[in-house]
Amino acid sequence: MDKFKIVLSDLHMGAGYAREGNALEDFTSGAAFRALLAGIAAESERKGKEVELVFAGDTFEFPQVPCLDSAEEFVPTFTYPVGLYLSSSEGASVRKMALIIAGHPDFFAALQGFLRVAPPRRTVTFVKGNHDVDLHWRGVQEMLAWAVGAEGERRDCLSFVERRVAREGIYVEHGNQYADWPSRFPDFEEPHDPDVPDQLYLPVGSRFIINFFNEVERERYWMDGVKPIPALIWYTFALDFSFGLCMLMVLLQAMPAIVWGETPVDMAAKRITPQAIRDLLERLQDDVYLQSLQRDARERQRLCLELVDLFASYSFSPAERTIPSAGFSRRLALRRGRAEERAHRSALYRMAEQKRLQERARIIIFGHTHAPCVKSLSHDGIYINTGTWTWGEDFTGRSYADWERLMEHPERYTHERHLTYARIDYDESGKPSVELRSFDHGATRKGLGQRLSDWWQQR
């Protein structure tokens, strides 16, 4: 058939100006994106093929964009107060969207040139993710439409979906509802805060970013490449135990909104109760207990046992509960971090198999994990994770020395951008087929899909 689709995710565009000193900006591939779209548009016109470009969530990074007055200029090097990041009202989200648009002119100009009403038609669809749930607001959608020139007869070329694209044997969703618990919403399709109706619900992960990570990323920007948050905490325990404790306390303080019964996870199935979480948080605020953790490996071992229960209780993929009798060790913490990362990725693969049956879709595409992969499903199905356009390097099998090098010389790693995306084509009968590609100097990296498939099989 004379059409194809492009699916990509996790661009995490903030307020821009990374080169001018905005340490919270993760998207630095605007020129590559513009070149990719130019190549797609040229092929579309040359072959007369319609194209749908689907952004599968976390295109924008609202938790790292301050809500400024319309007359206030964004200063890339300024550290804005936490309160300016917290609001998710429609007005605040619109002002944040305005900063994102101003900070990424190449991106929005590329989309404006890509949209096309006359044959061959070219359209754009946004699926929201946990970091750009603000796309739910009509005001944000209207501002985006203005930024890409989707007005008048071009308005039908731009669409927004609350959760999924499900048609033509294809299922596309961000995936945050199925992986790590800090990213889940009580109701992702109606994501309003039940206690503050004019605000959107902010899950634990978003609150963690706003209350802690935004400040930390200015100095330890390599940490943004480690997913999910529980894995990051384990890795930090191995690398800097005191700092890991600070991170854990912030996470626990953000938990009540999700722990007190707002998630689909059955409270009765948990091995750790809300009261136990409160007790743990109180202990972590006690100087005497903190000193005992610093000097006593067995005290750290007991804390690790609690954390294994805690993270497993709030995960669809509980990790193995194995702690050596010798007590806490760096290798133990690295192993726990690797287990959390594997659970994070495997949860989406298992959900892809479920969606294969539930939706009768042949192709299942998720994002969220930042780990690109290709995996076969039952009945000739295929699961693809589109990865991310921010920096990413797989450290799950690396040694402690490798992690130390990352901490000491992050610039050696954080420039990496794999720029992966999925391409869907159709045969003459309309049956879709998909492959994972990587944009590299205008060319697809040969064999990437197979290498990623081999890598996934080894996880």
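**Exercise 1. Helix H13 and the residue after it**

Determine whether the phi of Arg360, just after H13, is positive or negative, and compare the span of H13 with its expected span.

Solution. Arg360, which comes just after H13, takes a positive phi of about 55°. This is a predicted model in which local features need pLDDT of at least 70 and side-chain atom pairs count only at pLDDT 80 or more, while totals for chains, interfaces and linings use all residues. Residues are numbered from 1 along each chain as its sequence is written, and side-chain values use heavy atoms, with hydrogens and water left out.

Helices (H or I, at least four residues) and strands (E, at least two) are DSSP runs numbered from the N terminus. H13 covers residues 330-358, 29 residues in total. The expected span is 1.5 Å times one less than the number of residues. From first C-alpha to last, H13 reaches 42 Å, close to the expected 42 Å.

**Exercise 2. The largest nonpolar core**

Identify the residues that touch the most other members of the largest nonpolar core, and the element that gives the largest share.

Solution. A nonpolar core is a set of buried Ala, Val, Leu, Ile, Met, Phe, Trp, Tyr and Cys residues joined through side-chain atoms within 4.5 Å; buried means under 20% relative accessible area, exposed over 50%, and partly exposed in between (1.4 Å probe, protein chains only). The largest core has 58 residues, of which Phe33, Leu53, Phe55, Phe60, Phe108, Leu111 and Phe126 touch the most other members. Elements giving two or more residues include strand E1 (3-8), helix H1 (30-47), strand E2 (50-56) and helix H4 (105-114). H1 supplies the largest share, six residues.

Next, take Leu53. With contact defined as heavy atoms within 4.5 Å, and leaving aside residues up to four places away in sequence, the partners of Leu53 include Ile6, Phe33, Leu37, Leu111, Phe114 and Val124.

**Exercise 3. The surroundings of Arg163**

Is Arg163 buried or exposed, and which side chains form polar contacts with that of Arg163?

Solution. Arg163 is found in the loop between E4 and strand E5 (164-167). Because its relative accessibility is 15%, Arg163 counts as buried. A polar contact is a pair of N or O atoms within 3.5 Å; within protein, one must be able to donate a hydrogen and the other to accept it, and residues adjacent in sequence count only if both atoms are side-chain atoms. The side chain of Arg163 makes such a contact of 2.7 Å with that of Glu173 and another of 3.0 Å with that of Tyr178.

**Exercise 4. A hairpin**

Describe how E10 and E11 are paired.

Solution. Two strands pair if DSSP finds at least two bridges between them. Strand E10 (residues 420-426) and strand E11 (residues 432-440) run antiparallel and are joined by seven bridges. Ile424 stands opposite Val434 in E11. Five residues separate the two strands of this hairpin, and Gly430 in the turn has a positive phi of about 90°.

**Exercise 5. Backbone exceptions**

Locate the cis peptide bonds at Pro120 and Pro228, and the positive phi values of Glu168 and His379.

Solution. Most residues other than glycine have a negative phi, and most peptide bonds are trans. The Pro119 to Pro120 bond is cis, with omega near -5°; Pro120 is in the loop between H4 and E3. The Lys227 to Pro228 bond is also cis, with omega near -5°.

Glu168, with phi near 60°, lies in the loop between E5 and strand E6 (170-173). His379 has a positive phi of about 55° and counts as exposed because its relative accessibility is 62%.
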